[in-house]
Amino acid sequence: MSVKTIAGLEVNVSEEGYLEDMSQWNEDIAKEIASEIGIELTDKHFDVINYLREKTEAGEALTIRKVGKSGVVDIKGLYKLFPKGPLKFSSRIAGIPKPTSCI
Amino acid sequence: METKEIEKKKEIKEKKPLEKVCIICAKGSLEDVYATLVMANGAVMEGIETNVFFTFFGLDGITKKTMNHLHTATTGNPAMRMPGGLPFPTMLGGLPGVETAVSGMMRKQMGELDMPPVDEFLEMITAGGGMIYACKLAVDMFKLEKKDLSDEVDSIITIGEFYELCDGDRTQIIFT
């Protein structure tokens, strides 16, 4: 674990750049992490991010299948929003832990 | 000499992530097909270019009629257990209907882990840009046609064409 300054705030991040404490997250942090990855966030991105945060808060394990069935976005759309890392990148931007699911 | 050694060490440390996987599925049991699908979908999710080649009995995994009713072998499978962990008697596994029931149970358990049925799994792979191919030789052998196969199958190709898809120095071929 290390401390990193993102969008002017000091946050705890894992070795791979995931926030350790999801309550330290805000939208500016999301935007900065996203631009590091090379993604410019739109409202649609935030719909997905908020969904991921809600589910994580509720203690649910996330899979792309679950996101695809959420009604927020389908799987194809999820790949379009977060190319090459539909669950990994979206989780990192959402400030939640690295997904542990294989699906 | 010294700088050379340092450079050598640097070279070893530099990570060379996988860029492409080509997965071959030649067997048609539930576990063989799912091993292929999980690995393929996992690769797509990691941003790795993915080609999947179904051949021989593996074609059951992409044939519309069979893909959602795959079986796991209840005989000749020493890892098969009863619910609760006791060994599964081979004699029992041979009784009519047992394999169907056990396979249905396995599919149900997989569903509980959010593992999708085969048709949906194939859709997930192609949604992320993964490519699904059928082996021409096997398709001819089993007297199948393109229309018998899942709509997610891109095309029927020869093994030569498959190898052409496997170019690149960070490519791995996986045979499940």
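These are my notes on the contact between two chains and on charged side chains in a predicted model.

**Ground rules.** The model is predicted, so I took local features at pLDDT of at least 70 and side-chain atom pairs at pLDDT 80 or more, while totals for chains, interfaces and linings use all residues. I number residues from 1 along each chain as its sequence is written, letter chains from A and number ligands from 1 in the order in which they are written, and use heavy atoms for side-chain values, with hydrogens and water left out.

**The A–B contact.** I looked up who touches whom (contact: heavy atoms within 4.5 Å) and got 15 residues from chain A and 15 residues from chain B. The buried area (accessible area, 1.4 Å probe, that two parts lose on being put together, summed over both) comes to about 1300 Å², with 59% from carbon and sulfur atoms. On the chain A side, A:Arg65, A:Tyr79 and A:Ile103 lose the most area to chain B, together 49% of what that side buries.

**Charges across it.** I searched for salt bridges (a side-chain nitrogen of Lys or Arg within 4 Å of a carboxyl oxygen of Asp or Glu) and found four across the interface. One of them pairs A:Lys69 with B:Glu120 at 3.5 Å, N to O. Helix 3 (64–68) and helix 4 (75–81) of chain A each give two or more residues to the side that touches chain B; helices here are DSSP runs of H or I, at least four residues, and strands are E runs of at least two, numbered from the N terminus.

**Elsewhere.** Over all chains I count 16 salt bridges. B:Glu19 and B:Arg170 form one, with the closest N and O atoms 3.7 Å apart. That pair links distant parts of the chain, 151 residues apart: B:Glu19 lies in the loop between helix 1 (2–13) and strand 1 (20–25) of chain B, and B:Arg170 in the loop between helix 7 (159–165) and strand 5 (171–175). I also noted B:Lys108 with B:Glu112, at 3.9 Å. These two sit four residues apart in helix 4 (residues 98–112) of chain B, so about one helical turn separates them. Shared partners join A:Arg65, A:Lys69, B:Asp114 and B:Glu120 into one salt-bridge network.

**An unpaired acid.** What is the nearest side chain of opposite charge to B:Asp32? I got B:Lys27, 4.2 Å away, and B:Asp32 has no salt bridge although it is buried (under 20% relative accessible area, with exposed over 50% and partly exposed in between; 1.4 Å probe, protein chains only). For charge, Lys and Arg count as positive and Asp and Glu as negative, with His and the chain ends not counted. B:Asp32 is in helix 2 (residues 30–45) of chain B.
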